[in-house]
Amino acid sequence: KITRPHEQQRCAGCFSYWTNEEIVTNMHAKHHKILGNEWDAFESNRFFDLPAVFATSFRKPLHRALSQFRFECIEDRGCRIKVIEKWWEHRKDLANVYTWTFTDKHVRKKIQAAMDDASVQTRRDILGQALDTVAKFHLVMVMEWLAYAPDHVRKVLGFEDTHPLTERVRPHINQYQRDDGQETNKLGAAGIAKASWSPEEYLSKEQYKIMSEDLALDEILTDAARRMFLERVVCREDQ
């Protein structure tokens, strides 16, 4: 029997406290086929040794941050802050969250301290490490372009039914009903314009600038991930 550390009991999707051997044993014991490392940084120095297919997804960083604010705070899922300026000051852990997720858990504070003009090389090194990690994933998805992903998903993951990729999922519908006129979705995140909040429209110019600068490395990483996705889709179609 594997005993989980006490501090991990409250965190589904945290695996930094598990050894690779424990992860594999637990997967077999519970007959699981999918493992989600949602909240921890991806430890590329050991997780890539697991006998697994690795998949991840990206969404435009500003849109992802605004969506999280709406989901958690405006729709009352554990957050009581209703002003995004105050929320962002409180959630500095979300600055360049993609970048530190694909490096290691010790990098987050290092990134925050390396956003001045004198730390260009530090930022290059951190971003380079994140890019190297993402490039090793078998499947890199783009939430705005899921309509182009079915063949790629079938070939990499073996799923036959891929229609849920563009099926709109209404989060916790019993908790907060969204009557937004967006009943159909044919593209992925890009296909729910009526339901999504636009950073350009929702944020003030000042807050847009603040959040854009805080997510600058994530914007670069996301652009690279989007290119990976398109190149892999096109190359697989040509095969």
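Phe 42 counts as buried, at 9% relative accessibility. Buried means under 20% relative accessible area, exposed means over 50%, and partly exposed lies in between (1.4 Å probe, protein chains only). This is a predicted model, where local features need pLDDT of at least 70 and side-chain atom pairs count only at pLDDT 80 or more, while totals for chains, interfaces and linings use all residues. Residues are numbered from 1 along each chain as its sequence is written, and side-chain values use heavy atoms, with hydrogens and water left out.

**Around Phe 42**

- Phe 42 sits in the loop between α1 and α2. Helices (H or I, at least four residues) and strands (E, at least two) are DSSP runs, numbered from the N terminus.
- Setting aside neighbours within four places in sequence, Phe 42 touches several phenylalanines: Phe 47, Phe 48, Phe 54 and Phe 137. Its other contacts are Asn 37, Thr 101, Thr 103 and Thr 133. Contact means heavy atoms within 4.5 Å.
- Thr 101 lies 59 residues from Phe 42 along the chain, yet their C-alpha atoms are separated by 5.8 Å.

**A nonpolar surface patch**

- Ile 34 is also in the loop between α1 (20-30) and α2 (44-47). Ile 34 is exposed, because its relative accessible area is 68%.
- Ile 34 joins Val 53, Leu 157 and Phe 159 in a nonpolar patch on the surface. Together they have about 370 Å² of accessible area.
- Patch residues have over 30% relative accessible area and no salt bridge; like charges are joined within 9 Å, and nonpolar side chains (Val, Leu, Ile, Met, Phe, Trp, Tyr) within 5 Å. A salt bridge is a side-chain nitrogen of Lys or Arg within 4 Å of a carboxyl oxygen of Asp or Glu.
- Accessible areas come from the Shrake-Rupley method with a 1.4 Å probe; for residues, only the protein chains shown count as cover.

**Cysteines**

- A disulfide is a covalent bond between the sulfur atoms of two cysteines. Here the test is a pair of cysteine sulfur atoms within 2.5 Å.
- The whole structure has 1 disulfide. It joins Cys 73 to Cys 79, with S to S at 2.1 Å.
- The torsion about this S-S bond is about 85°, so the disulfide is right-handed.
- Cys 73 and Cys 79 are both buried. Cys 235 is partly exposed, because its relative accessible area is 46%.

**The whole chain**

- The chain has 11 helices and 2 strands. Their order is α-α-β-α-α-α-α-α-β-α-α-α-α.
- Of its 239 residues, 41% count as buried.
- The accessible surface comes to about 14,600 Å², and 52% of that belongs to carbon and sulfur atoms.
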